[in-house]
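Work through the charged side chains of this protein. Each exercise comes with a solution in steps.

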Amino acid sequence: MPTTPLYKLRDYKETFKFEKEHPKELRWDDKYKLYMLQENKQFQGIWLKEKTELVGEILLSWESKNVVHIESITVLPSHKGQGYGHDLVKLAIDWGINSDFKFMTGEARKGASWMIFQNFGAVPVLTYEDWAGTKEEYISFRSEEHTSELQSHLNLVCRLLLEK
């Protein structure tokens with residue numbers, strides 16, 4: 001099903017449903033999330049909309065002009081396995097390149113989430129055991145965004161995925 005990327009929303013309360021998909025130890029409360037999305041000038045959300053429903057989000061923040069950090073990526077359970085996680089990461093990379101960031105960092109749950117970032121050339125920095133009391137392993141990663149080598153890798157990955 002085709003999706004539409006969105007970089008701003010009329011009502012950010014629509015995004016609260018994504019927090020329910022995170023382990024309870026990692027969920028943001030509604031007021032904090034609204035503040036980050038509406039008031040924080042160093043924060044960007046990107047959402048995928050299918051028909052009239054938001055089905056995925058990726059949240060980005062930055063504290064410097066050369067590094068953007070992925071705060072979270074979420075795809076609704078009913079839409080997992082359809083490539084939306086991949087699409088969100090690609091949109092985030094494109095946004096980062098267009099915004100002149102040179103590096104991307106983040107943490108990903110070991111497994112499918114980590115594999116998405118790894119397919120885009122992310123390099124593991126370290127592994128957290130029992131991340132924030134979730135009893136799950138998360139991998140801290142970094143990647144260079146603006147190199148032509150990464151863009152070539154992205155093009156290859158996209159081509160391979162489309163051939164499947």
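The exercises below concern charge pairs, a charge patch and a buried acid in a predicted model.

**Exercise 1.** Find how many salt bridges the model holds, and place the one between E53 and K17.

*Solution.* The count is six salt bridges. In the E53–K17 pair, N and O lie 3.7 Å apart. E53 sits in strand β3 (residues 53-61) and K17 in helix α1 (residues 16-19), so the pair links parts of the chain 36 residues apart. E53 is partly exposed at 32% relative accessibility. K17 is partly exposed too, at 25%.

**Exercise 2.** Set the K90–D94 bridge beside the R109–E136 bridge.

*Solution.* Start with K90 and D94: their closest N and O atoms are 3.1 Å apart. Both lie in helix α3 (residues 84-98), four residues apart, about one turn of the helix. Now take R109 and E136, which meet at 3.4 Å, N to O. This pair joins distant parts of the chain: R109 is in strand β5 (residues 103-109), E136 in the loop between β6 and β7, 27 residues away.

**Exercise 3.** Which residues gather in the patch of positive charge on the surface?

*Solution.* The members are K20, K24, R27 and K135. K135 lies in the loop between β6 (123-128) and β7 (138-144). Its relative accessible area is 73%, over the 50% cut-off, so K135 counts as exposed.

**Exercise 4.** Is E50 buried or exposed, and which side chain of opposite charge is nearest?

*Solution.* E50 belongs to strand β2 (residues 43-50). E50 is buried. The nearest opposite charge is K51, 6.5 Å away, and E50 has no salt bridge. Beyond its sequence neighbours within four places, E50 contacts residues including M1, H79 and Y84.

Methods. Residues are numbered from 1 along each chain as its sequence is written. This is a predicted model: local features need pLDDT of at least 70, side-chain atom pairs count only at pLDDT 80 or more; totals for chains, interfaces and linings use all residues. Side-chain values use heavy atoms; hydrogens and water are left out. Helices (H or I, at least four residues) and strands (E, at least two) are DSSP runs, numbered from the N terminus. Buried means under 20% relative accessible area, exposed over 50%, partly exposed in between (1.4 Å probe, protein chains only). Lys and Arg count as positive and Asp and Glu as negative; His and the chain ends are not counted. A salt bridge is a side-chain nitrogen of Lys or Arg within 4 Å of a carboxyl oxygen of Asp or Glu. Contact means heavy atoms within 4.5 Å. Patches are made of residues with over 30% relative accessible area and no salt bridge: like charges are joined within 9 Å, nonpolar side chains (Val, Leu, Ile, Met, Phe, Trp, Tyr) within 5 Å. Accessible areas come from the Shrake-Rupley method with a 1.4 Å probe; for residues, only the protein chains shown count as cover. The place of a charge is taken as NZ of Lys, CZ of Arg, CG of Asp or CD of Glu.
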